[in-house]
Structures are given as structure tokens and as C-alpha cells.
Amino acid sequence: MARNVCTSCRMLCQRLRRVLVFACLIPPALCFGPVKSATAGDQVWSGSGPRAKSVQAIAVDPLNPSRMWAATFGAGVYRSLDGGSTWAGYRDSLTNTYVRCLAVNRVHPDSVFCGTNDGVFVSTDGGATWKRNLPTAWSVRSITIHPFRRSIIYASTYGSGIYKSYNGGASWNTVNLGLVNTKVRDVAIHPANPETLFAATAIGGGIHFSFNGGLSWTQVADTTASIGGAEQIQFDPLNPSRIYAAMVDRGVIKSPDGGVTWVRINRGLTSLRCRSLAVVDTIRYVGTDSAGVYFTTLSDTLWHQVNTGLTDGNVDGLFASPSSPSTAWAGTDRGGIFRTNDRGAGWTQLDGGLLRTFGFSLAVRPSSHEVFAGTGFGDRFWRSSNQGAVWSHDVALFSHDSEHAVLPDPVNSQTVFLTAYGHGVYRSNDDGLSWLNPDSSTQTLTNLFARRLVAWPGQSGHLYVGTGGGVFETLNGGSTWRPDTTGLPPSFSVRALAIVPGPPATLYAGSDSFGVYRSTDGGLNWIPKSAGIPSRFVHDLLVDALQATTLYAATDSGVCKSTNGGDTWAFARTGLPQGEVRSLAQDPVHPAAIFCGVWGGGVFKSLDGAQHWTAVFDQAGLASLNVRSLAVDGALLTLYAGTDAGVSSVSNYSLILTAVGETASIPVAGLAVNPTPMHGGNARVLYTVSRRGRVTIRVYDVLGRLVRTLIDGQTESPGLHILRWDGLDEERRAAVAGVYFLRMESVDGARAVKVVLVPK
């Protein structure tokens, strides 16, 4: 059939004397069964995960309970105007988005304060814009406003003690006289006698009190309160002589006599590691580390665990409604905010945009089909082993603002690299379970504003990173770095990076103001290569997998293409909407398929060398049209898009073979095995050829000995084909567990892939 179509096209081409394009759609389902992800959307976009947010504190407008604020750890301050149904983030004017606490002026609730990892910020428009009015070297853990003289404000810090302002935050002074420990987590102010203060400090300090507005402090004499660290402290609003404190690892303590004596009230608590506290009317709530929420009543005799519907047991923030004490909100470590209207008998998770993550970076490990996502804004590094159905994260990198690149090591199946903007390059040696900065002691990466990462194929730990100050190279997995900046402008901020392995390697770097530069000696020297690129802001670069001198640039003006190693460029944007192109990706198994992400436009595909683009399944189901990153799992025909609403995926995109003129064609030769490791057999072998011809595929062991011939000189038509290897050798005996290589010989040349066979 393909032959007849091709012949007809040639005849028509001769008659019309012009170039024609013909296409053959080859759905994978017609090639010995479907090739698709078990969870990615089948020819429609699906998914908006991972969905999470770490909420440290919650505040409610005392005059309008429908207006709420959430302090998130890494994503700034979120605000809701409808009681938590929908949320919007406000972070642009926050120079530090790691927010730990909130305070609202009770009389003028448009005045909102937030404490971050490096200071106090104030908003005078209800949290829409922010201005820092107290820079600190340590994180701000609480902000407390005087109940009558609202120009008096206290800010506790975890290292420099307590600050006090007499003029609404315009100026501050420390008030630490008598503090045994200056790591202060909370300050409580007596509701009727505001000169009386209590402070919760870290281990070794416990509870302190002041009767003169913080001018001097005294550690509580009762060892129940002075031994151990305190997390939060509150007065009982009905009887301020009763004071409650949530202790770091000693449960809850209570003073019935204004702080003179203290007793533990832990009956019913299964966790003594307390994180948060809310005391309102006759109800007390406590949030714990991993055990969720407990409540008790005025008698304080027994705590009741109330976690129905609460899917995250790490409760960092609690707020209970003064007007309706049975209503409370819990801010959790990963699940955002939960609300109860019945004292915790049932909790409902609030989303409405609060749990949205941002797909800054994506990568696929071909051998295991794992997907890695750097979501930024404190939402951490995530991974999925089932094509995005479930996302997990284990150790957070709380020292960064956003991850601009994630890269699996090309050789070591347990090593992953991640750029943390402002903090350099991190490495995980256990597939993302834990992280380290290998350069933390040597500090050879002198510019920590790292964005792009590329790896030398086939070499473990040989990386290049693009930073705010040029390109750096490492040969040892990031332990030491060498600057490769000769020829680059001093202020060359790298936004895009691509490699053609050598020796020596050819590198391309794109910037936000200087266009594209090229190095043909492994990064030692650079020269500009931007002729024909109208926009000097280059977001991404892609070297064609089939032709090393062909590359693509994602710019503010669309996609540009060069066929001569960057010497000249031309637009390649037919079919694309106007706007910034943020990302590029190529199917490694079927390299004719090239994808681009358009900011505000979605994801587009080209199968003719970027000359024409079409929307991927008309963007149906795509979480957001603001696309930041792309990744392709060619063996599963699955495409991932990182957007401003999380990661979406789609599978079974069409493979279109395009020929131009009489004989020219765009080759799509490829070979892949799925799954690998294969457990005892039954692996799917996917292969493509660009034109009709004979194909041979054989299996070899690591010593080069023939194990099995799967097909021998079989004539195949252009397109995708699938066969299976059952794990048997030529004698139909089970092959021993180990590493094998599949080698394909076709009209497009030879290709080989590795497969690992493990016992059932």
C-alpha cells in the first residue's frame, strides 16, 4: 500500500513539477498490539500532578471571614476571597517565598504581615503586593500584633531572638535581654494585659516570660516548661490565666496560674512531637508530626485523634474560628489546607488552585520509564514510576526557589542531577530519595544561578551546566567544576544548552540577551552564532538526533532552525501561534517527531524537520497552555508537558512519515525495548525504518556471542513495527539473567540497545 502511494506521488510530482508532501499514518495499535502508557492519556492529555503545597500558617480576615491567607513554604502567600474555595498566589514582590507565619491587623485587615526565611514583609493591599521592612539573617517564625496599640509588633526569629517595632514595622530593635535561647519560635501576648508576653524557644530555652513588653525576659522556673523546646504558645481567650504550649517532643503542656506552674496534658496523644496549636472557646486543637490532629475540651483530660479525611499527618499550622470553634483549618506539609466544620470528625481538602505545582523541568529515564519533575516554589523534586499516575517525593530541597533542570545520569541508573537556582547543582545517588550538593566544600561552581544541564552521552558524571555566569564543566558528578567561558560575554546568562559529543564535543549555549554561542572544542572557546535569529532571548536548544549540524532554537519569536551548525538561522514556525517557545524535545526512538511548548499556546508537533507544526491532539485535556518543559518516552510513545498547572501526559501520538520530492525522506529509524529490566522474558521490541528494506535484529550477550535471531533479513515497510523477545535463546532455552544487547541492521544503518534480563 505504501508503495502504491509513493508511486502515485512520484507521478503527480512529475506532472505538476513541484514538491509534494505525502504522509502515512501508522497507528501503533495496528502493529502487533498497542504501545502506550498504562496511565498517560491515550490520544488526549491527562493529569495535572503532582499536586501539593506545604502550608505553614493560616490567617483569616476578622472582619470578612471569606478572605483568607495561607503561608506556603516556597510558593509565597496565597489568598482566597471565597472562604478557601479558590486561591491565587502572590509571590512576585516577595524576594523570599519561604513564608512561615502571618499576622493580620484586626482593625485594618488590608495590613498583613508575613515572616519569611530572611525577614518580615508587609502588605497594605490585602496581600497582593509586599515590601520587606525587616531584613533578618534568620528565619522569622512568628509575628504578633499588640491588641490595642497596633503599631507595636513583635517578630520572633530562629537565631537572632525577638524584634520589636513601635511604629508599625517601619523600624525595629531586638529585645533579647534575659533570653537563654535566641532561637524563638513564637511569642504570645496577653489579651487583656499586653505588657505580659510569653515566648516559645528552642531546646535548652523552653518557655520564657516578660512583664514589661519584652524589655527583659525570664526563663520559667518549672522544668516542665523550661526543659525541651517549645513550638507554639497561646493564651486561653476565655481565661488568660490558662496558657498552653505545644512542645517539640514533649506533647502539650498547660499552666493554670499564668505561667507559674506547668503540667503535661498528653493523655490520648500517640505522638508527642507537636507542630501547631489552636485554643478557641472551649476547644483546643493540636497538630502533630505524622499523627495528624487531636482535640480536647475545656477539661483537658483526654485528647481525641480526629483525622478522617486528613491525608497528610504532618500538620504545621492550625487556625480555629473564634465565632464558630467547631470550624478549623489545618495547614499540612504536603497536602495544603484541610477544613473541618465538626471538630475534626471529617476533614475536606481545599484545592481551588492552592495545590497547583509548576513544571519547571522534566526528564525521563529510558531504562525504567521513570519521570522526574522539578516543580519549584518549594514544591520540591518529584518522581513517578507509573507515567505520572502517582507522584512521590522524599527529601525536600528547601534551600532553592525553583528547579530549572533535572537530568538522569546516562550510565548510572540510580544517579539524578538537579539544578537549584541560586544554590548550584544537587546530586542524588539513590534515584531521588536523598540529595547532596557535591560541590559544597570545594565551591568550584562560582556562579550558583544554575539553569540548564546536559550530560555527555555514555559517560557517567560528565556534565555541563549553564549558569548566570556562563558554562561550567564537571568530570566527577559535580564534585568539582571548571569554568568554560572564554569568548562568552561577561554577563552571559545561560538559558539553553545542547551538546554534540566528540571528541571534542561541540556545545551550543543560548542566553537571555546574546543569542546563541558555539564551542567546537568542548567548551574551551566560544564564538557567536546568531545570524538570522531575530530574538536574542533563547529559551531552549535542540540538536537533531539524526543530523548533528541541524539544530533548533526556542526563542521569544518562535522556533528557529539551522542546518549548518548555527552559522545561519531561519524561522521554522509554520502552524505555531505567536508567542514565546519555552521548550523543545525530540522522540529518541522516532526522531522525526519533534515537539515544542509555546507559552500560552500549548504543545505542538512536527514531523518534517520543524517546517510545519500541528497542535498535539488540539491541546484537549492539557492542564495549562503555559508550557515550561517537555520530555518524551519514545518507547512508550508518551509525551510529558510541564505547565503552570502541573505535569500533563499524552500517549499514542501519531507517527507521520513525510517524504519530499521524488526520493528525499526524513528518516525515523529507531530501536527500543520495553520493559527493561525484563522479568524472565516477554519484552516488546519496537523498531522503525525510514524506507522499505530488509531488517535483521539479533540478541547478543556481553561477550558478543549470538543468543537469538529475532528476525533475519525480513523486508519491512516504512514506519513502526513491534515484535517480542520471550527471553529464550536459539535452542528455546531460558537465557540466563544478565545484560544483553539487541542489534538492528536496516537500510538506515545499525543501531543497538541494552536490555537487562532478571529472574521472574
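Start by selecting residues 162–165, which make up strand E14, and bring up strand E15 beside them: the two run antiparallel and are joined by two bridges. Strands (E, at least two residues) and helices (H or I, at least four residues) are DSSP runs here, numbered from the N terminus, and two strands pair if DSSP finds at least two bridges between them. Within this pair, click on Tyr163, which stands opposite Thr174 in E15. As you explore, keep in mind that this is a predicted model: local features need pLDDT of at least 70, side-chain atom pairs count only at pLDDT 80 or more, and totals for chains, interfaces and linings use all residues. Residues are numbered from 1 along each chain as its sequence is written, and side-chain values use heavy atoms, with hydrogens and water left out.

**Widen the view to the sheet**

Now add the neighbours. The order E12-E13-E14-E15 gives an open sheet of four strands with antiparallel pairing. Strand E12 (140–145) and strand E15 (173–174) are at the edges with a single partner strand each, so one side of each has no neighbour in the sheet. In general, strands of a sheet pair through backbone hydrogen bonds, either parallel or antiparallel.

**Another four-strand sheet**

Next, select strands E20 to E23. They form an open sheet in the order E20-E21-E22-E23, and the pairing is antiparallel. Which strands stand at the edges? They are E20 (230–235) and E23 (263–264); each has a single partner strand, so one side of each is left without a neighbour in the sheet. Zoom in on strand E22 (residues 252–255), which pairs with E23 in the antiparallel sense over two bridges. There, Ile253 has Arg264 in E23 as its bridge partner.

**A stop in a loop**

Move to Ala221, in the loop between strand E19 (218–219) and helix H2 (223–226). Is Ala221 buried or exposed? Its relative accessibility is 72%, so Ala221 counts as exposed; the cut-offs are under 20% relative accessible area for buried, over 50% for exposed, and partly exposed in between (1.4 Å probe, protein chains only). For a long look across the model, draw a distance from Ala221 to Arg691: C-alpha to C-alpha they are 86 Å apart, with their positions 470 residues apart in sequence.

**A covered strand and its two partners**

Select strand E43 (residues 506–511), where six of the six residues are buried. Thr506, Tyr508 and Gly510 point one way, while Leu507, Ala509 and Ser511 point the other way.

Add strand E42 (residues 494–500), joined to E43 by six bridges and running antiparallel to it. Ala498 has Tyr508 in E43 as its bridge partner, and five residues lie between the two strands of this hairpin.

Then add strand E44 (residues 516–519), which is antiparallel to E43 and joined to it by four bridges. Look for Leu507 opposite Ser519 in E44. The hairpin of E43 and E44 has four residues between the strands, and Gly515 takes a positive phi near 75° there.

**Zoom out**

Finally, show everything: the protein has two helices and 66 strands. Along the principal axes, its C-alpha atoms fill a box of roughly 95 × 60 × 45 Å. Colour by burial and you will find that 58% of the 760 residues count as buried.
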